[in-house]
Amino acid sequence: MSTHTIDTAMAKRMVEAAAIRGASIIGQPGGWAVMLKLGLQEKPLSVQRSDKPRLWRSLASSMAYPTSQLPIARFDPL
């Protein structure tokens, strides 16, 4: 696992182990990123087999993915 990002497979395992406390959506150049909350740290969800943060073009898509794929129900405001 990368030290900078978390891929979906690892995030699913971490959600099952209750290691992820929630998520935030952050606007970035080129789209929206999902930041996963792990203790006092936040790490972005990554592109598959990469250390680059995954970006979505729309805010709705960025929120739909973690709620349907991980599932993370808690999104915190920044």
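User: When do two rings count as an aromatic pair?
Analyst: Rings of Phe, Tyr and Trp (its six-membered ring) pair if their centres lie within 6.5 Å. Planes under 30 degrees apart are stacked, over 60 edge-to-face, and the rest tilted.

User: How many aromatic pairs by this rule?
Analyst: The count is one aromatic pair. Trp56 and Tyr65 form a tilted pair, 5.3 Å centre to centre, with 45° between the planes. This is a predicted model: local features need pLDDT of at least 70, side-chain atom pairs count only at pLDDT 80 or more, and totals for chains, interfaces and linings use all residues. Residues are numbered from 1 along each chain as its sequence is written, and side-chain values use heavy atoms, with hydrogens and water left out.

User: Is Trp56 buried or exposed?
Analyst: Trp56 is buried, because its relative accessible area is 8%. Buried means under 20%, exposed over 50%, partly exposed in between (1.4 Å probe, protein chains only). Tyr65 is also buried, at 17%.

User: What lies over the face of Tyr65?
Analyst: Arg54, at 4.4 Å from the ring centre. The rule for a charge over a ring: NZ of Lys or CZ of Arg within 6 Å of the centre and within 35 degrees of the ring normal.

User: Helix 2 next. Which of its residues are buried?
Analyst: Ser62, Tyr65 and Pro66, in helix 2 (residues 59-69). Helices (H or I, at least four residues) and strands (E, at least two) are DSSP runs, numbered from the N terminus.

User: Why do they line one face?
Analyst: Seen down the axis of helix 2, the buried residues fall within an arc of 85°, so they line one face. The arc is taken from the directions from the helix axis to the C-beta atoms.

User: What do they pack against?
Analyst: Helix 1 (8-16), strand 1, strand 2 and strand 4. The face turned away from the buried side carries exposed Ala60 and Ser68.

User: Now Ser46. Where is it?
Analyst: Ser46 is in the loop between strand 3 (41-44) and strand 4 (55-56). Ser46 is buried, at 3% relative accessible area.

User: What does its side chain reach?
Analyst: The side chain of Ser46 reaches the backbone nitrogen of Asp7 at 3.4 Å.

User: And Gly30, buried or exposed?
Analyst: Gly30 is exposed, because its relative accessible area is 70%. Gly30 is in the loop between strand 1 (22-28) and strand 2 (31-38).

User: What does Gly30 touch?
Analyst: Not counting residues up to four places away in sequence, Gly30 touches Leu55 and Trp56. Contact means heavy atoms within 4.5 Å.

Note on methods: A polar contact is a pair of N or O atoms within 3.5 Å; within protein, one must be able to donate a hydrogen and the other to accept it, and residues adjacent in sequence count only if both atoms are side-chain atoms.
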